[in-house]
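Visitor: I am new to this structure and should be grateful for a close look at a single part of it. Please begin with the packing of helices, and then place that part in its surroundings.

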Amino acid sequence: MATASPLPAPLLRVENLSKVFGGVTALNGVGFDVHPGEVVGLIGPNGAGKTTLFNVISGLLPPSGGTIAFCGRSIGGLRPDEICALGAVRTFQSASLLSGMTVWDNVHVASLFRPAERARVESAAACTRRALAFCGLEDCRDEIAETLSIGDQKRVEIARAMATGPKLLMTDEILAGLNAADSEGILHMLQGLKREGISIIFVEHDVRSVMRLSDRVVVIAQGRKLAEGEPDAVARMPEVISVYLGGRYAQGV
Amino acid sequence: MNFVSMAYAIRTGPVRNQLLCLAVFLLVVALCPLVMNDYWLRLMVFVFVNIGLASSWNLIGGFGGYASFGHGVFFGVGAFAGAVGMVRFGLPLPAVMVIGGALSAALAALFVPVFRQKGLYFALSTLAVMLVFETVLQRWTFTRGLRSYDLGWTLAPSLPLEGFFYLFLGLLGLIVGSIIVVVRSKIGYALHAIRKDEVLASSIGVRTTKYKAITFMISAAWPGVLGAAFAPFLAYVSVQSVFDVSITLNMILITIFGGAGTVIGPIVGGIALSIIDQIAWGNFLEYHRLIYGALIVAITTLHPGGLASVFWGWVERRRSAAKPVPRPSAPGHPPTSAPRRA
């Protein structure tokens, strides 16, 4: 009799993924897994290909080679809305709220366009209410979204992502531009999402936050995977220190 | 309740109240034949058609942010459906109106590949499609193209002038009513998201192509219906008269002058431009075009949101003056396209 494998089947499996723009190779044979309920930190220098990786996984760009499987299904080349409907949702580097719309409406858009099987379980309004409550936004639901502080705008982004009913959340530098208190709040929310069983791929330049939140860290540089492992182990790898962390961080850990 | 808070309540309130407002407006206008002579009634019909066409254009161009420069093709196809249907097949007016709308919607469905393009490229592609259709209808014997029949179709007016007045007023009510309902529905949310950030919209699950296609078909069906109804009113339909590029330009001008992306914009714009047109014609015939053009440039430069944004800006200022804490309005965008929940 076959024994159960030590790890459950991966939620997301990226294998040998490459993306070429004209003559520029942005991603070159990148591969990693994300398991259910796991937080994977993704770090690397500017221009390493982190955002390109998100763009390919979320369907904004077609892959040039390699495979992406989500829930055991190949998603390479699917449209962004199809990938979102399967349960993989992302945030964008620059705060991307729908201007002129209230906080409620910004989140409600995502609730309205959930796939039918999720819409049957919970009404769109209930879904929006739950997402707003989770992110602590009930009091400003009628504010115009872009008039909020940056920290609250990031919360709206997370609430909107939550309203889609994701299994996997990909955050692209969600802490950028936030003060310490706002960062702390967002990290708490992401930990809450993790407790609810949602996997997260966490792209961030604030290495201390990455090391704190992540179960596993993937380092990419110049479009290639440089290292992968537990946060502490990755932080001690000489090649990671030399290309990204710098000596000062290593001594601080 | 004063005027400012009432206007605000209608804008942000439930769809039912907006439809009620529309009904009151239509009822008041419906009394016009009691006091107006034929000249003014005829003029009013043109205003209704212009507002109806502009409102239809506004759905895809204003709310969706996809400016179609060939929208006149749907009016032209509708007018030809009316003329051919009534003269050649002896169909009644309601039947050709349905056929005109259906043909235009079907034609719009063929546009779906064009939606891969954005901005100027989309505008130019729609313009090109219109020119293609103009040529086809000019050459096709079925539509009495140049080759073997007389040019154009002559129709007997099937209704008295008052009849046309109420027909077009009723159509205007249906068009504006449908737009009020659509922009507050799921489609309205999709359109708002698409206009603001199409990449984001698709990333949060909006099937952008589907909603653009639905919207484009609705915004094409109404000009088709209007065109079919317009054929017996005009009494003469030819490619020159119903495929004129000025029909498309008028839709765009009226919408932008009044306020693109708002329900009220094309209504205000259509009425205002007709009044300006009349005054300029009557008093300054030689400089008529100059005055008309200068006013449009002035309004769109000073207030890119059109007359509607001038009005809502005033309402917002009055509201924030009345309240101790000012609430900033959405910059550059008149916020009617999506509902607020209170």
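At what angle do helix α4 (residues 38–63) of chain B and α14(B) pack, and how far apart are their axes?

Guide: The model before you is a predicted one. Two packed helices are described by the angle between their axes and the distance between the axes. For helix α4 (residues 38–63) of chain B and α14(B), the angle is about 140 degrees and the axes are 8 Å apart. An angle of this kind makes α4(B) oblique to α14(B). The crossing in which α4(B) passes α14(B) is right-handed. On the side of α4(B), the residues that meet the partner helix are V47(B), N50(B), I51(B), A54(B), S55(B), N58(B) and G62(B). Facing them in α14(B) are G265(B), P266(B), I267(B), G269(B), G270(B), I271(B) and S274(B).

Helix α14 (residues 264–283) of chain B also packs with helix α16 (residues 306–322) of chain B; their axes come within 8 Å and cross at roughly 110 degrees. The helices α14(B) and α16(B) are therefore roughly perpendicular to each other, and α14(B) passes α16(B) in a right-handed crossing. To this contact α14(B) brings I264(B), G265(B), V268(B), G269(B) and A272(B), while α16(B) brings G306(B), L307(B) and A308(B). G265(B) and G269(B) thus appear in the contact with α16(B) and also among the residues that meet α4(B).

From α16(B) the path leads on to helix α1 (residues 3–12) of chain B, which packs with α16(B) at an angle of about 115 degrees, with the axes 10 Å apart. Here the crossing is left-handed. V4(B), A7(B) and Y8(B) in α1(B) meet V315(B), R318(B) and R319(B) in α16(B).

Elsewhere in chain B, Q240(B) has its place in helix α12 (residues 239–242). This residue counts as exposed because it has 11 C-beta neighbours inside 10 Å, where the limit for an exposed residue is 12 or fewer. Its C-alpha atom is separated by 8.9 Å from that of G152(B), although the two residues are 88 apart along the chain.

The surroundings include a nonpolar core, the largest one, with 167 residues, of which A159(A) and V219(A) touch the most other members. Helix α11 (residues 208–234) of chain B gives the most to this core, namely 13 residues. The core also draws at least three residues from each of domain 1 (29–87 + 166–253) and domain 2 (99–165) of chain A. Apart from neighbours within four places in sequence, V219(A) is in contact with I43(A), G44(A), L226(A), A227(A), V234(A), V240(A) and Y244(A).

The two domains of chain A have C-alpha centres that lie 23 Å apart. Between these domains, 13 residues of domain 1 are in contact with ten residues of domain 2. On the domain 1 side, α2 and α7 (180–195) of chain A each supply at least two residues, and α7(A) gives the largest share, five residues.

Finally, the chains themselves meet: 28 residues of chain A are in contact with 21 residues of chain B. The elements of chain A that give two or more residues to its side are α2 (80–86), β6 (88–90) and α3 (103–112). The largest share of that side, five residues, comes from α3(A).

Note on methods
Residues are numbered from 1 along each chain as its sequence is written. Chains are lettered from A and ligands numbered from 1 in the order in which they are written. This is a predicted model: local features need pLDDT of at least 70, side-chain atom pairs count only at pLDDT 80 or more; totals for chains, interfaces and linings use all residues. A nonpolar core is a set of buried Ala, Val, Leu, Ile, Met, Phe, Trp, Tyr and Cys residues joined through C-beta atoms within 7 Å. A residue is buried if 20 or more other C-beta atoms lie within 10 Å of its own, exposed if 12 or fewer, and partly exposed in between; C-beta atoms are placed from the backbone. Helices (H or I, at least four residues) and strands (E, at least two) are DSSP runs, numbered from the N terminus. Domain bounds come from an automatic or database domain assignment. Two residues are in contact if their C-beta atoms, placed from the backbone, lie within 7 Å. Axes are lines fitted to C-alpha atoms, for helices over the stretch in contact, and angles run from 0 to 180 degrees between N-to-C directions. Angles under 35 degrees count as roughly parallel, over 145 as roughly antiparallel, 65 to 115 as roughly perpendicular and the rest as oblique. A crossing is left-handed if the near helix is turned anticlockwise from the far one by less than a right angle, and right-handed if clockwise.
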